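Open the structure in your viewer and keep the selection tool at hand. This tour tells you what to pick next and what you will find there.

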Amino acid sequence: MKKYVVLTGAGISAESGIKTFRDSGGLWENHDVQQVASPEGFQKDPKLVWQFYKDRFAQSLSVQPNAAHLALKKMEDKLQDNFHLITQNVDGLHSRAGSKRVLELHGSLSTAFCTVCRASHPLIELDLSCEIPSCKKCGNMLRPDIVWFGEIPYFLYEIEQLLKDCEVFIVIGTSGSVYPAAGFVMTAKLFGAHTIAVNLSRPDNLGFIDEMHQGHCTELLPPLVESMIGSL
Ligand code: APR
(Lines give C-alpha, C1' and ligand atoms only; values in the text may rest on other atoms or scores of the structure.)
Protein backbone atom coordinates (compact mmCIF):
# COMPACT_ATOMS: atom_id res chain seq x y z
CA MET A 1 0.00 0.00 0.00
CA LYS A 2 1.39 3.44 -0.94
CA LYS A 3 2.26 6.00 1.76
CA TYR A 4 0.21 9.21 1.45
CA VAL A 5 0.92 12.62 3.02
CA VAL A 6 -1.59 15.46 2.70
CA LEU A 7 -0.96 19.15 3.40
CA THR A 8 -3.95 21.47 3.72
CA GLY A 9 -4.34 25.24 3.87
CA ALA A 10 -7.09 27.79 4.41
CA GLY A 11 -8.76 26.90 1.09
CA ILE A 12 -10.06 23.60 2.49
CA SER A 13 -12.05 25.53 5.13
CA ALA A 14 -13.26 28.28 2.79
CA GLU A 15 -16.47 26.44 1.89
CA SER A 16 -17.19 25.97 5.59
CA GLY A 17 -17.36 29.76 5.79
CA ILE A 18 -13.89 30.54 7.17
CA LYS A 19 -12.02 33.29 5.32
CA THR A 20 -8.72 32.46 3.67
CA PHE A 21 -5.79 34.83 4.06
CA ARG A 22 -4.79 36.02 0.58
CA ASP A 23 -7.92 35.70 -1.53
CA SER A 24 -9.86 38.88 -2.20
CA GLY A 25 -11.67 39.76 1.06
CA GLY A 26 -9.20 37.54 2.89
CA LEU A 27 -8.11 37.93 6.50
CA TRP A 28 -4.93 39.81 5.66
CA GLU A 29 -6.90 42.37 3.66
CA ASN A 30 -8.47 43.75 6.85
CA HIS A 31 -5.72 43.08 9.39
CA ASP A 32 -2.07 44.06 9.61
CA VAL A 33 -0.23 40.72 9.76
CA GLN A 34 2.57 42.17 11.87
CA GLN A 35 0.03 43.60 14.35
CA VAL A 36 -1.94 40.37 14.95
CA ALA A 37 0.34 37.52 13.82
CA SER A 38 3.81 38.31 15.13
CA PRO A 39 5.51 38.12 18.57
CA GLU A 40 6.30 41.86 18.29
CA GLY A 41 2.65 42.67 17.64
CA PHE A 42 1.60 40.64 20.68
CA GLN A 43 4.17 42.36 22.88
CA LYS A 44 2.97 45.76 21.66
CA ASP A 45 -0.78 45.17 22.01
CA PRO A 46 -1.74 41.83 23.62
CA LYS A 47 -5.35 42.98 24.04
CA LEU A 48 -5.78 43.54 20.28
CA VAL A 49 -4.16 40.20 19.46
CA TRP A 50 -6.28 38.33 21.98
CA GLN A 51 -9.45 39.90 20.55
CA PHE A 52 -8.41 38.84 17.03
CA TYR A 53 -7.93 35.21 18.07
CA LYS A 54 -10.98 35.07 20.36
CA ASP A 55 -13.08 36.20 17.37
CA ARG A 56 -11.50 33.56 15.11
CA PHE A 57 -11.96 30.87 17.81
CA ALA A 58 -15.64 31.76 18.21
CA GLN A 59 -16.13 31.65 14.44
CA SER A 60 -14.38 28.26 14.19
CA LEU A 61 -16.93 26.82 16.65
CA SER A 62 -19.84 28.24 14.64
CA VAL A 63 -18.97 26.47 11.35
CA GLN A 64 -18.92 22.81 10.31
CA PRO A 65 -16.38 20.60 8.53
CA ASN A 66 -17.21 20.24 4.82
CA ALA A 67 -17.11 17.40 2.27
CA ALA A 68 -13.37 17.92 1.72
CA HIS A 69 -12.55 17.48 5.42
CA LEU A 70 -14.78 14.40 5.51
CA ALA A 71 -13.11 12.93 2.40
CA LEU A 72 -9.72 13.12 4.14
CA LYS A 73 -11.16 11.42 7.24
CA LYS A 74 -12.41 8.61 4.99
CA MET A 75 -8.96 8.36 3.42
CA GLU A 76 -7.36 8.08 6.88
CA ASP A 77 -9.84 5.36 7.89
CA LYS A 78 -8.87 3.30 4.85
CA LEU A 79 -5.10 3.94 4.85
CA GLN A 80 -4.43 4.11 8.62
CA ASP A 81 -0.60 4.08 9.15
CA ASN A 82 -0.04 4.85 5.46
CA PHE A 83 -1.76 8.22 5.79
CA HIS A 84 -0.64 11.43 7.49
CA LEU A 85 -2.32 14.83 7.44
CA ILE A 86 -0.41 18.06 7.97
CA THR A 87 -2.46 21.23 8.21
CA GLN A 88 -1.50 24.89 8.20
CA ASN A 89 -4.99 25.63 9.51
CA VAL A 90 -5.68 26.39 13.16
CA ASP A 91 -9.48 26.07 12.94
CA GLY A 92 -9.69 22.48 14.24
CA LEU A 93 -12.05 21.39 11.44
CA HIS A 94 -10.02 18.30 10.49
CA SER A 95 -10.29 16.97 14.05
CA ARG A 96 -13.99 17.84 14.17
CA ALA A 97 -14.42 15.89 10.90
CA GLY A 98 -12.99 12.87 12.76
CA SER A 99 -9.39 12.92 11.48
CA LYS A 100 -7.04 11.60 14.17
CA ARG A 101 -3.64 11.72 12.47
CA VAL A 102 -3.44 15.53 12.18
CA LEU A 103 -0.24 17.54 12.62
CA GLU A 104 -1.20 21.19 13.30
CA LEU A 105 1.89 22.89 11.89
CA HIS A 106 0.78 26.40 12.88
CA GLY A 107 -0.84 25.60 16.23
CA SER A 108 -4.50 25.79 17.18
CA LEU A 109 -7.14 28.41 17.99
CA SER A 110 -8.43 26.14 20.75
CA THR A 111 -5.38 26.33 23.02
CA ALA A 112 -3.26 29.01 24.70
CA PHE A 113 -0.04 28.76 26.65
CA CYS A 114 1.60 30.77 29.39
CA THR A 115 4.19 33.33 28.30
CA VAL A 116 6.30 32.41 31.39
CA CYS A 117 5.80 28.78 32.47
CA ARG A 118 4.35 27.69 29.07
CA ALA A 119 1.53 25.71 30.71
CA SER A 120 -1.08 24.83 28.07
CA HIS A 121 -4.71 25.93 28.55
CA PRO A 122 -7.75 24.88 26.43
CA LEU A 123 -9.63 28.07 25.49
CA ILE A 124 -12.97 26.47 26.46
CA GLU A 125 -11.69 26.36 30.08
CA LEU A 126 -10.74 30.05 30.11
CA ASP A 127 -12.83 33.08 31.06
CA LEU A 128 -12.69 34.77 27.66
CA SER A 129 -14.62 37.78 28.95
CA CYS A 130 -11.37 39.10 30.40
CA GLU A 131 -9.22 40.99 27.90
CA ILE A 132 -6.01 39.02 28.49
CA PRO A 133 -6.45 35.57 30.09
CA SER A 134 -3.90 34.61 32.74
CA CYS A 135 -2.15 31.35 33.61
CA LYS A 136 -3.92 29.13 36.15
CA LYS A 137 -0.55 27.85 37.35
CA CYS A 138 1.61 30.98 37.73
CA GLY A 139 -0.76 33.87 37.07
CA ASN A 140 1.20 35.32 34.15
CA MET A 141 -0.20 36.35 30.75
CA LEU A 142 -1.36 33.65 28.34
CA ARG A 143 -0.86 33.86 24.55
CA PRO A 144 -2.72 32.10 21.72
CA ASP A 145 -1.05 28.77 20.74
CA ILE A 146 -0.53 30.04 17.18
CA VAL A 147 2.80 29.92 15.33
CA TRP A 148 3.30 33.56 14.33
CA PHE A 149 5.47 34.91 11.55
CA GLY A 150 9.11 34.57 12.55
CA GLU A 151 8.40 31.61 14.87
CA ILE A 152 9.28 27.94 14.27
CA PRO A 153 6.32 25.76 13.20
CA TYR A 154 5.51 22.56 15.10
CA PHE A 155 6.38 18.94 14.10
CA LEU A 156 9.09 19.86 11.56
CA TYR A 157 11.29 16.84 12.44
CA GLU A 158 8.40 14.37 12.11
CA ILE A 159 7.28 16.05 8.89
CA GLU A 160 10.72 15.80 7.32
CA GLN A 161 10.68 12.02 7.89
CA LEU A 162 7.17 11.76 6.43
CA LEU A 163 8.14 13.72 3.31
CA LYS A 164 11.14 11.46 2.68
CA ASP A 165 9.03 8.29 2.98
CA CYS A 166 5.84 9.29 1.20
CA GLU A 167 4.97 8.06 -2.28
CA VAL A 168 2.05 10.41 -2.91
CA PHE A 169 1.96 14.00 -1.60
CA ILE A 170 -1.32 15.88 -1.95
CA VAL A 171 -1.55 19.62 -1.28
CA ILE A 172 -5.02 21.10 -0.88
CA GLY A 173 -6.30 24.69 -0.56
CA THR A 174 -3.06 26.57 -0.09
CA SER A 175 -1.41 29.37 -2.07
CA GLY A 176 2.02 27.78 -1.55
CA SER A 177 3.39 31.15 -0.49
CA VAL A 178 4.40 30.60 3.15
CA TYR A 179 7.46 28.55 4.10
CA PRO A 180 8.38 26.01 5.37
CA ALA A 181 4.98 24.50 4.37
CA ALA A 182 5.31 25.75 0.79
CA GLY A 183 8.56 23.81 0.44
CA PHE A 184 7.13 20.43 1.55
CA VAL A 185 5.99 19.57 -2.00
CA MET A 186 9.53 20.16 -3.31
CA THR A 187 11.07 17.87 -0.66
CA ALA A 188 8.50 15.15 -1.32
CA LYS A 189 9.11 15.37 -5.06
CA LEU A 190 12.88 15.33 -4.61
CA PHE A 191 12.47 12.07 -2.66
CA GLY A 192 10.42 10.53 -5.47
CA ALA A 193 6.80 11.22 -4.50
CA HIS A 194 4.03 11.79 -7.05
CA THR A 195 2.67 15.28 -6.22
CA ILE A 196 -0.96 16.31 -6.58
CA ALA A 197 -2.60 19.72 -5.94
CA VAL A 198 -6.29 20.52 -5.46
CA ASN A 199 -6.72 24.30 -5.47
CA LEU A 200 -9.04 27.03 -6.73
CA SER A 201 -6.14 28.99 -8.22
CA ARG A 202 -2.67 27.99 -9.45
CA PRO A 203 -0.41 27.80 -6.35
CA ASP A 204 2.95 29.63 -6.25
CA ASN A 205 4.84 26.31 -6.06
CA LEU A 206 3.11 24.84 -9.14
CA GLY A 207 6.49 23.88 -10.61
CA PHE A 208 6.68 20.93 -8.20
CA ILE A 209 3.13 19.69 -8.88
CA ASP A 210 2.77 16.66 -11.16
CA GLU A 211 -1.05 16.66 -11.19
CA MET A 212 -3.09 19.87 -10.79
CA HIS A 213 -6.86 19.69 -10.12
CA GLN A 214 -8.13 23.28 -10.32
CA GLY A 215 -11.47 24.03 -8.66
CA HIS A 216 -13.42 23.82 -5.40
CA CYS A 217 -12.06 21.13 -3.10
CA THR A 218 -15.50 20.03 -1.91
CA GLU A 219 -16.27 19.11 -5.55
CA LEU A 220 -12.87 17.75 -6.59
CA LEU A 221 -11.58 15.98 -3.48
CA PRO A 222 -14.29 13.39 -2.71
CA PRO A 223 -14.11 11.73 -6.18
CA LEU A 224 -10.31 11.99 -6.16
CA VAL A 225 -10.15 10.22 -2.78
CA GLU A 226 -12.61 7.57 -4.04
CA SER A 227 -10.42 6.96 -7.09
CA MET A 228 -7.34 6.59 -4.86
CA ILE A 229 -8.72 4.43 -2.05
CA GLY A 230 -10.93 2.50 -4.44
CA SER A 231 -7.82 1.39 -6.34
CA LEU A 232 -6.02 0.09 -3.19
N1 APR B 1 -11.23 25.02 -2.84
C2 APR B 1 -9.91 24.90 -3.13
N3 APR B 1 -9.00 25.89 -2.97
C4 APR B 1 -9.46 27.08 -2.49
C5 APR B 1 -10.82 27.30 -2.18
C6 APR B 1 -11.72 26.20 -2.36
N7 APR B 1 -13.03 26.33 -2.09
N8 APR B 1 -10.95 28.58 -1.74
C9 APR B 1 -9.73 29.14 -1.78
N10 APR B 1 -8.83 28.24 -2.25
C11 APR B 1 -7.40 28.42 -2.44
C12 APR B 1 -7.02 29.78 -2.99
O13 APR B 1 -7.00 29.75 -4.40
C14 APR B 1 -5.62 29.98 -2.40
O15 APR B 1 -4.62 29.50 -3.29
O16 APR B 1 -6.82 28.34 -1.15
C17 APR B 1 -5.62 29.11 -1.13
C18 APR B 1 -5.59 29.92 0.15
O19 APR B 1 -4.36 30.56 0.20
P20 APR B 1 -4.00 31.48 1.47
O21 APR B 1 -5.14 32.40 1.74
O22 APR B 1 -2.64 32.04 1.23
O23 APR B 1 -3.96 30.47 2.70
P24 APR B 1 -2.79 29.47 3.08
O25 APR B 1 -2.06 29.02 1.86
O26 APR B 1 -3.38 28.43 3.95
O27 APR B 1 -1.82 30.41 3.96
C28 APR B 1 -0.69 29.78 4.54
O29 APR B 1 -0.17 31.82 5.71
O30 APR B 1 -0.93 33.63 6.88
C31 APR B 1 -0.33 32.40 7.00
O32 APR B 1 -0.37 31.01 8.89
C33 APR B 1 -1.16 31.47 7.84
O34 APR B 1 -1.47 29.09 7.58
C35 APR B 1 -1.50 30.33 6.88
C36 APR B 1 -0.38 30.42 5.86
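The stops below run through strands, helices, single residues and rings.

**Before you start**

You are looking at a predicted model. Residue numbers start from 1 along each chain.

**Stop 1: the parallel strands**

Select residues 83-87. This is strand β2. Is it mostly covered or mostly open? Four of its five residues are buried, so β2 is mostly covered.

Now add β1, residues 4-8. β1 and β2 run parallel, and five bridges join them. To find one place where the two strands face each other, pick Y4: it stands opposite F83 in β2.

Next, add residues 102-104, which make up strand β3. β2 and β3 also pair in the parallel sense, this time over three bridges. Click L85 and look across to β3: the bridge partner there is V102.

What holds such strands side by side? Strands of a sheet pair through backbone hydrogen bonds, either parallel or antiparallel.

**Stop 2: just past β2**

Select Q88. Its place is in the loop between β2 and α7. Is Q88 buried or exposed? It counts as buried because its relative accessibility is 13%, and the cut-off for buried is under 20%.

Show what surrounds Q88. Leaving aside neighbours within four places in sequence, Q88 is in contact with L7, T8, G9, L105, H106, T174, V178 and A181.

**Stop 3: the antiparallel sheet**

Hide the parallel strands and show β4, β5 and β6. They form an open sheet of three strands, with antiparallel pairing. In what order do they stand? The order is β5-β4-β6. Which strands are at the edges? β5 (120-122) and β6 (142-146) are, each with a single partner strand, so one side of each has no neighbour in the sheet. Turn the view to see the twist, which averages 40 degrees from one strand to the next.

Now zoom in on β4, residues 107-114. Four bridges join β4 to β6. Pick F113 to see one pairing: its bridge partner in β6 is R143.

**Stop 4: the helix across the sheet**

Keep β4 and β6 on screen and add residues 46-62. This is helix α5, and it lies across both strands. Which angle does it make with β4? α5 runs at about 140 degrees to β4.

Click K54, which is found in α5. Is this lysine buried or exposed? K54 is buried, because its relative accessible area is 10%. Not counting residues up to four places away in sequence, K54 touches L128, C130 and E131. Select L123 as well. K54 and L123 are 69 residues apart along the chain, yet 8.8 Å separates their C-alpha atoms.

**Stop 5: a buried phenylalanine**

Jump to F184. It lies in helix α9, residues 184-190. F184 counts as buried, because its relative accessibility is 6%. Which residues does F184 touch? Beyond those up to four places away in sequence, they are L7, I86, L105, L156, I159, L163 and F169.

Try a distance too. From F184 to L162, C-alpha to C-alpha, is 10.0 Å, and the two are 22 residues apart in sequence.

**Stop 6: a helix with two faces**

Select residues 217-230. This is helix α10, with 14 residues. From first C-alpha to last, it reaches 19 Å, close to the 20 Å expected.

Colour the buried residues of α10: C217, T218, L221, L224, V225, M228 and I229. Now look down the helix axis. The buried residues fall within an arc of 140 degrees, so they line one face of α10. What do they pack against? Their partners are β1, α1, α6, β7, β8 and β9. The face turned away from the buried side carries the exposed residues E219 and G230.

**Stop 7: the rings**

Finish with aromatic side chains. How many aromatic pairs are there? The count comes to seven. Select F21 and W28 for one of them. Their rings form a tilted pair, 5.1 Å centre to centre, with 35 degrees between the planes. F21 is partly exposed, with a relative accessible area of 22%, whereas W28 counts as buried at 17%.

Last, select F21, W28, F42, F52, Y53, W148 and F149 together. Ring pairs link these residues into a cluster.

Methods: Predicted model: local features only at pLDDT ≥ 70, side-chain atom pairs only at ≥ 80, totals over all residues. Heavy atoms only, no water. Buried < 20%, exposed > 50% of the residue type's maximum accessible area, 1.4 Å probe, protein only. Contact = heavy atoms within 4.5 Å. Phe/Tyr/Trp six-rings, centres within 6.5 Å; stacked < 30°, edge-to-face > 60°. Expected span 1.5 Å × (residues − 1). Arc of directions from axis to C-beta. Pairing = 2+ DSSP bridges. Axes fitted to C-alpha atoms, helices over the stretch in contact; angles between N-to-C directions.
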